[in-house]
Amino acid sequence: MRPADRALLLLAAGGCAFALCFADAARLRAAAGPDEAERTRLVGQLRLTDLALFTEARYTRHPSQADLHSAFQDHPLALEHFPTGSLIAPPASLARVGAGDTATSEEGGAK
Amino acid sequence: MKLWLAKQRYLIDFTLASLARRKTRNLGLLAVYTLLVFMLSSVTLYTHALRQEAARVLAASPEVIVQRMVAGRHDLIPPGYMERIGRIRGVQKMEGRLWGYYYDAVTKANYTFMVPAEGAPAAGEIIVGPALERSRGLAKNNGISFRSYSGKLHTFIVADVLPQASELVSADLVLMSEQNFRAFFDYPAGHYTDIALAVANPQEVRNVAIKLAAALPDARPILRDEVLRTYASIFDWREGIVLALLSAAILAFGILAWEKASGLSAEEKREIGILKAIGWETGDVIKMKFWEGLLISLTAFLAGFVAAYVHVFHFAASLFEPVLKGWAVLYPRFQLTPHIDGVQVATLFFFTVVPYAAAVLVPIWKAAITDPDSVMRG
């Protein structure tokens, strides 16, 4: 076999594997359907609002329900002391403090 | 057409022979290129799947949660508060939620104690989340004691364990009856932690929240949209952190690829000169180099992407898991459902394959339009 044919065959095999990723994703999605339905049912039944990813503090267990200034929960100058702090973005309002704007309770829960 | 195909095959033959003459250098480049695509694809595939998972699961969460704020802190909902909310037009249904946190010194972890609105366990019984079952070694009908904040010891029987499939949302849950919850936390009668609202018309959710804030100035309505946005921003942020860490590697590869692609070695220049001297046209030389760029970048993209897919969805992203997932004492075990975003893949393809294929062409075009004699002489 000529080198060009070998190279094109290899690329075609790569292309097939690439397409197979999408087919495999669809297969796994279909297989995960009942589990996902179970999760969604439980969220609806228990009126849950957050994923149980970080359980170390109330504002990491329920980031969507936390106080707007929960990063400074101990005192106004307290530094964030959980590792999750490096994984959750600071409230958007903090970026605007320099412009004279501060967080207010009307801003809602998105942090 | 047949002639064109035959010509391309000859060009590829020649390109491969040319690449084989600098085997180590080109294989090294291909390996680094593939690794880079693998890392970028792993991060984007993982965070996209996690974002999708959160969005789908939390789509069933309450439309509005109303908290009461006192001195900027979340406080209990007093009796009479729900009646005032009930008078707001558009509110279809409301339920007081009872939930709180409990720190267990045995596992050094926080649990979320909760009273389910439907299907609450009988008095003296609890239903626990799968992570709690694992960490405390519990099983159905086992007894477990928790010391309440008042110092009193409360013993419960585990009536059931929540299904493993729901672990992502229920890892640390302890479900109990209202009576047990109020006794355990000394919760005053008629008080609730917060209120879950259902709004008759989904288009009106924001208006209801505005009316709520006006009628009850100490209330903080949290909309489902805001919950979903919170999670989207958490995973965006995390993806950003990993990509920022990877940016040094991306830059290093950029320099390597640019140097390899844009600077021609004396040997390559001589090769072009000889090809031109024996009758190759400028177009043929450019086509040959185009094939070189395409073969390397396409192979790297396909291999990198497929490896990343297998790594993320069949090996649970074991290489990046600690950074992307985060950690906790009671961390849920879950397998992500693959969701591949076509736009994300197209973007990745565009930014990894196209720049390299293009960078190869410019210097070749410059060398190919020069007189063969001067190119060969250097």
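The following conversation concerns a predicted model and takes up the contact of chain A with chain B, a helix pair, the domains of chain B and two loop residues.

Colleague: How many residues does each chain put into the contact?
Modeller: Chain A contributes 51 residues to the contact, and chain B contributes 65 residues.

Colleague: Which helices of chain A each supply at least two residues of the side that touches chain B?
Modeller: They are helix H1 (3-31), helix H2 (33-46) and helix H3 (58-61) of chain A.

Colleague: Which one gives the most?
Modeller: H1(A) does, with 13 residues on the side of chain A that touches chain B.

Colleague: And how do the residues on that side of chain A divide by class?
Modeller: There are 24 nonpolar, 14 polar and 13 charged residues on the side of chain A that touches chain B.

Colleague: Turning to chain B, at what angle do H2(B) and H10(B) cross?
Modeller: The axes of helix H2 (residues 23-58) and helix H10 (residues 282-314) of chain B cross at roughly 40 degrees and come within 7 Å. Angles under 35 degrees would count as roughly parallel and those of 65 to 115 as roughly perpendicular, so H2(B) and H10(B) are oblique to each other.

Colleague: Is that crossing left-handed or right-handed?
Modeller: The crossing of H2(B) and H10(B) is right-handed. Their contact has 16 nonpolar and 7 polar residues, with no charged residues.

Colleague: What domains is chain B divided into?
Modeller: Domain 1 of chain B covers 2-58 + 230-377, and domain 2 covers 64-223. The C-alpha centres of these two domains of chain B lie 49 Å apart.

Colleague: How many residues of each domain are in contact with the other?
Modeller: In chain B, 7 residues of domain 1 are in contact with 11 residues of domain 2. The domain 1 side of that contact has 5 nonpolar and 2 charged residues, and no polar ones.

Colleague: On to the backbone: what is phi of B:Asp186, and where is its place?
Modeller: Phi of B:Asp186 is near 55 degrees, a positive value in a residue other than glycine. B:Asp186 is in the loop between helix H6 (178-185) and strand E9 (194-199) of chain B.

Colleague: Is B:Asp186 buried or exposed?
Modeller: B:Asp186 counts as exposed because it has 10 C-beta neighbours inside 10 Å, and the cut-off for exposed is 12 or fewer.

Colleague: What about B:Ala316, where is that?
Modeller: B:Ala316 is in the loop between H10 and helix H11 (321-325) of chain B. Its phi is near 50 degrees, a positive value in a residue other than glycine. B:Ala316 has 15 other C-beta atoms within 10 Å and is therefore partly exposed.

Key:
Residues are numbered from 1 along each chain as its sequence is written. Chains are lettered from A and ligands numbered from 1 in the order in which they are written. This is a predicted model: local features need pLDDT of at least 70, side-chain atom pairs count only at pLDDT 80 or more; totals for chains, interfaces and linings use all residues. Two residues are in contact if their C-beta atoms, placed from the backbone, lie within 7 Å. Helices (H or I, at least four residues) and strands (E, at least two) are DSSP runs, numbered from the N terminus. Ala, Val, Leu, Ile, Met, Phe, Trp, Tyr, Cys and Pro count as nonpolar, Asp, Glu, Lys and Arg as charged, and the others, Gly among them, as polar. Axes are lines fitted to C-alpha atoms, for helices over the stretch in contact, and angles run from 0 to 180 degrees between N-to-C directions. Angles under 35 degrees count as roughly parallel, over 145 as roughly antiparallel, 65 to 115 as roughly perpendicular and the rest as oblique. A crossing is left-handed if the near helix is turned anticlockwise from the far one by less than a right angle, and right-handed if clockwise. Domain bounds come from an automatic or database domain assignment. A residue is buried if 20 or more other C-beta atoms lie within 10 Å of its own, exposed if 12 or fewer, and partly exposed in between; C-beta atoms are placed from the backbone.
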